[in-house]
Amino acid sequence: MIRRVNVNGNGVAALSRAIGLGGGGANSATNQRPLQAALYGTMAHSNANSNPHWLSSRGLADRFGPLAPSSFPHGVLAIRFSHSLAKEPPRAEKFSPKDVVLFQYEACPFCNKVKAFLDYYKIPYEVVEVNPISKKEIKWSDYKKVPILKIDGEQMVDSSDIIDKLFQRIHPDNPAVDGDEEKKWRGWVDNHLVHMLSPNIYRTASEALESFDYITTNGNFSFTERIMAKYTGAAAMYFVSKKLKKRHNITDERAALYEAAKTWVDALNGRQFLGGLNPNLADLAVFGVLRPIRHLKSGRDMVEHTSIGDWYTRMESAVGESSRIKSEEK
Ligand SMILES: N[C@@H](CCC(=O)N[C@@H](CS)C(=O)NCC(=O)O)C(=O)O
């Protein structure tokens, strides 16, 4: 159930379709709007076609790696397991939905949080890549953002709500009430960590190209689409990332990323995971958001310049293989 993108034209429109943006013929002004909108991306509220200034859209921010603030103490030695997954097998044994479909953008950090949860619990799921302009794949829903999880026909929206609901179903006897620490750090991921991503992964021309190479390789693109998306998308996001940096008052994006990693390691306070012996939902959220960038230059730099690498490696092994169902397995 993976989206196939049809390429009928050249230039900007084809490119915009290639990065999942939709669009018409190649050269007209109208045909450039889809790219603008797409690049606005992620725009939580925007009507892309009505926005004349494609480099200033807040939408872009969301889609390609949203963004925001932080502050956080750390070092609580008392381990709270209210939401912790400690001592439980990383498998949803009492909960086995038959049909789980995640509507997503490949590079969306909120979608990646949900994927980390599903992978950890070994809940098999299909992925539908959503076209950010037409959003035709989610036309059936009133909700216009991703992720949307359809689970045996039931719609769930908003990454944290989705995770809370799934957690409750996996642990029906253990009401999913966040411990204060876990809750705080889950909030930190949504309000701070995600905002570090775009300024870092599109920081230089070569990093923007590397990021779009990742996005297009992991999406479902034809060869032509991939090439076009890579270069046009990378160029656009390079400029957009500078705007995002300003919007979030970031002066040195790398330093801000390292600081975030350090803040997280401090929060662990010597524990294997924030959850103690096993990951809790905050561990899964941080891991989910960082996983797509781990092997990009920014992620490599982060591991080299901070001590987050050991925790990250433990998370990789705790989460294990992805439980995503590939199209050929269907
Ligand atoms: N609070 C939501 C945020 C979801 C969100 O903002 N998703 C972005 C993509 S990363 C989106 O769909 N934006 C709307 C759009 O692209 O039009 C969550 O945690 O799921």
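Hi everyone, let me start with a small detail: just after helix 9, N249 takes a positive phi of about 55°. Please keep in mind that this is a predicted model.

Let's stay with the helix that comes before that residue. Helix 9 covers residues 223–247, so numbered from the start of the chain as written, and contains 25 residues. From its first C-alpha to its last, helix 9 reaches 35 Å, close to the 36 Å expected at 1.5 Å a residue.

Now, how does helix 8 sit against helix 9? The two axes come within 8 Å, with helix 8 spanning residues 205–218, and they cross at roughly 135°. Angles over 145 degrees would count as roughly antiparallel, and the crossing here is therefore classed as oblique. Its hand is right-handed. On the helix 8 side, the contact is made by A205, A208, L209, F212, D213 and T216. Facing them from helix 9 are R226, A229, K230, G233, A234, M237 and Y238.

There is a second helix pair I'd like to show you. Helix 10, residues 253–268, and helix 12, residues 297–305, have axes that come within 10 Å and cross at roughly 55°. That angle makes helix 10 and helix 12 oblique to each other, and their crossing is right-handed. If you want to find the spot on your screens, look for R254, L257, Y258 and A261 in helix 10, which meet S298, D301, M302 and H305 in helix 12.

On to the interior. In soluble globular proteins, nonpolar side chains tend to be buried together. Here, the largest nonpolar core has 71 residues. Which residues have the most contacts inside this core? They are V114, F117, L149, V189, L193 and V286. Helix 11, residues 281–290, gives the most to the core, with 8 residues.

Let me zoom in on V114, one of that group. Leaving aside neighbours within four places in sequence, V114 is in contact with L102, P147, L149, S159, I162 and I163. You'll recognise L149 there from the list of residues with the most contacts inside the core.

Finally, let's step back to the whole chain. The secondary structure comes to 13 helices and 4 strands. Of the 330 residues in the chain, 48% are buried. And for those of you who think in contact maps: taking contacts with a separation of 6 or more, 69% are accounted for by residues 24 or more positions apart.

That's my tour, thanks for listening, and I'm happy to go back to any of these spots with you.

Technical notes:
Residues numbered from 1 in each chain as written. Predicted model: local features only at pLDDT ≥ 70, side-chain atom pairs only at ≥ 80, totals over all residues. Core = buried A, V, L, I, M, F, W, Y, C linked by C-beta atoms within 7 Å. Buried ≥ 20, exposed ≤ 12 C-beta atoms within 10 Å, placed from the backbone. Helix = DSSP H or I, 4+ residues; strand = E, 2+ residues; numbered from the N terminus. Contact = placed C-beta atoms within 7 Å. Expected span 1.5 Å × (residues − 1). Axes fitted to C-alpha atoms, helices over the stretch in contact; angles between N-to-C directions. Parallel < 35°, antiparallel > 145°, perpendicular 65-115°, else oblique. Left-handed = near helix turned anticlockwise from the far one by under 90°.
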